[in-house]
Every structure is written in structure tokens, then in C-alpha cells.
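Visitor: I've got a few questions about charged and polar side chains. Can we pull the structure up and go through them?

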Amino acid sequence: MDKILVDSIINKLKNCTGKVGFYYKNLITKEKLAYQENESFIAASIIKLPIFAQVIKVSSEHRLDLGKEVQIRKEDILPSCGAINLFSSEPRLDLRTICNFMIALSDNTATNIMIRECGIAALNAGFQEMGLMKTRLERPFLTRLPLWQEKITTLRRRKSQCCWKACMKNGSSVRQFLRIFYRR
């Protein structure tokens, strides 16, 4: 990697206001670039990636049926990004479609449905199995908790790499993960 470019990127990150971290790894060449990658950060939508990986994993183990339909109630619907809040009625959707909305459209309502279906404790255990030791989910999206109980993650254990490794154990999991992930 070009040292001048690397130094320029790191200097720009150092001069940012607020807490900033960055991690890049080329999975082919193994080349890395990182800045404060061991720091803990409050996660936003990036937490959806390990949630999704865990959903695909438990689905491939036949512990979750992505064909299962769930009724989405008005009180489930969040006034945020995504598609579910655009339905004029209370939709009945299968979990596969809900996963599509969660990943492809960053739908927070869809994310909360998947969190409810899987359970926070089971998701956190799955994150640990993936090697995401400092990643944890404390609550569904857009619910109020003290700041210290937010979704926490670090950049050091790269989400996409760990999620990929978790799915690699089963060929159909890989295909499912990629089919939905690349719709983003």
C-alpha cells in the first residue's frame, strides 16, 4: 500500500472530531490498514451484519425456518429507514423477506423482528462463536436505554470476515448469505 496515501488517510482520521476508528483488510492480499481498531464503539446498522450471519447459521442448522411467516403489528413498525414502515396495513411477511429488508434496505423494523425471533442472548452467544468477542446487542433498535447499554463493537475483529467464516462451514449458508448480502 502506498505509504503517502496511508499517512494521508491516518492524518485525516486523527484530525476528525469525535471518536473515529477504521479497519481495512484486503482478503486476497491480506494487506491491512487500521486506526484505533481496538477501541470500542457504539454500533449502528453495522450490527445488522453479524445478526444476519447468525440468522443464516441457525437457519442452516434447521433451528430457524426462514419460510416462517410473522404478522408485523403497528406497534412493531419504526418510523425510520426501510420498507416495512411503508405498508398501508400490518403486513404478514416470511423471515427471508424480513432478512432481505434488514440487509438490502437497512430496515430497523426488520432488524427488530429478527432480534425478537432469535433472542438477544442467542445472538450474543452467536457473536462470541464468530469471534466477535466485544460485540454485543443490549436492546432492539430505537428503544431507550442508558448510553452504556448500547450496541457495542470493535473494529479489530472485522465483521464481514468473521461473519463470512461463520457461514463458510455450510455451503448453502454461504449461498444464502451472499444472495441477500449482494442485494445491498
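Visitor: Is Asp 76 buried or exposed, and at what relative accessibility?
Guide: Keep in mind that this is a predicted model. The cut-off for buried is under 20% relative accessible area. Asp 76 falls below that, so it counts as buried, at 10%.

Visitor: Which side chain does Asp 76 meet in a salt bridge?
Guide: The N to O distance for this pair is 2.9 Å, and a salt bridge needs those atoms within 4 Å. The partner is partly exposed, with a relative accessible area of 35%. It's Arg 73.

Visitor: Where do the partners Lys 57 and Glu 129 lie, and how many residues apart in sequence are the parts they tie together?
Guide: Lys 57 and Glu 129 form a salt bridge, with their closest N and O atoms 3.2 Å apart. Lys 57 sits in helix H2 and Glu 129 in helix H5 (residues 120-130), so the pair links parts of the chain whose separation in sequence is 72 residues.

Visitor: What is the relative accessible area of Lys 57?
Guide: Its salt-bridge partner Glu 129 counts as exposed, at 56% relative accessibility. Lys 57, on the other hand, is buried. Its relative accessible area is 13%.

Visitor: Which residues are joined with Lys 57 into one network by salt bridges that share partners?
Guide: One piece of it is the salt bridge between Arg 63 and Glu 61, whose closest N and O atoms are 2.5 Å apart. Another is the Lys 57 to Glu 129 bridge. Shared partners join Lys 57 with Glu 61, Arg 63 and Glu 129.

Visitor: Which backbone oxygen does the side chain of Ser 60 reach?
Guide: Ser 60 lies in helix H2, residues 48-60, and is buried at 15% relative accessible area. Its side chain comes to 2.7 Å from a backbone oxygen, that of Lys 57.

Visitor: Asp 107 is buried yet has no salt bridge, so how far away is the nearest side chain of opposite charge?
Guide: That side chain belongs to Lys 48. A salt bridge would need the nitrogen and oxygen within 4 Å. The distance here is 6.9 Å.

Visitor: Which backbone nitrogens does the side chain of Asp 107 lie 2.9 Å from?
Guide: Asp 107 is in the loop between helix H3 (95-104) and helix H4 (108-118). A polar atom of its side chain lies 2.9 Å from one backbone nitrogen, that of Ile 84. The side chain also reaches, at 2.9 Å, the backbone nitrogen of Ala 110.

Methods. Residues numbered from 1 in each chain as written. Predicted model: local features only at pLDDT ≥ 70, side-chain atom pairs only at ≥ 80, totals over all residues. Heavy atoms only, no water. Helix = DSSP H or I, 4+ residues; strand = E, 2+ residues; numbered from the N terminus. Buried < 20%, exposed > 50% of the residue type's maximum accessible area, 1.4 Å probe, protein only. Lys, Arg positive; Asp, Glu negative; His and termini not counted. Polar contact = N/O pair within 3.5 Å; in protein donor to acceptor, adjacent residues only side chain to side chain.
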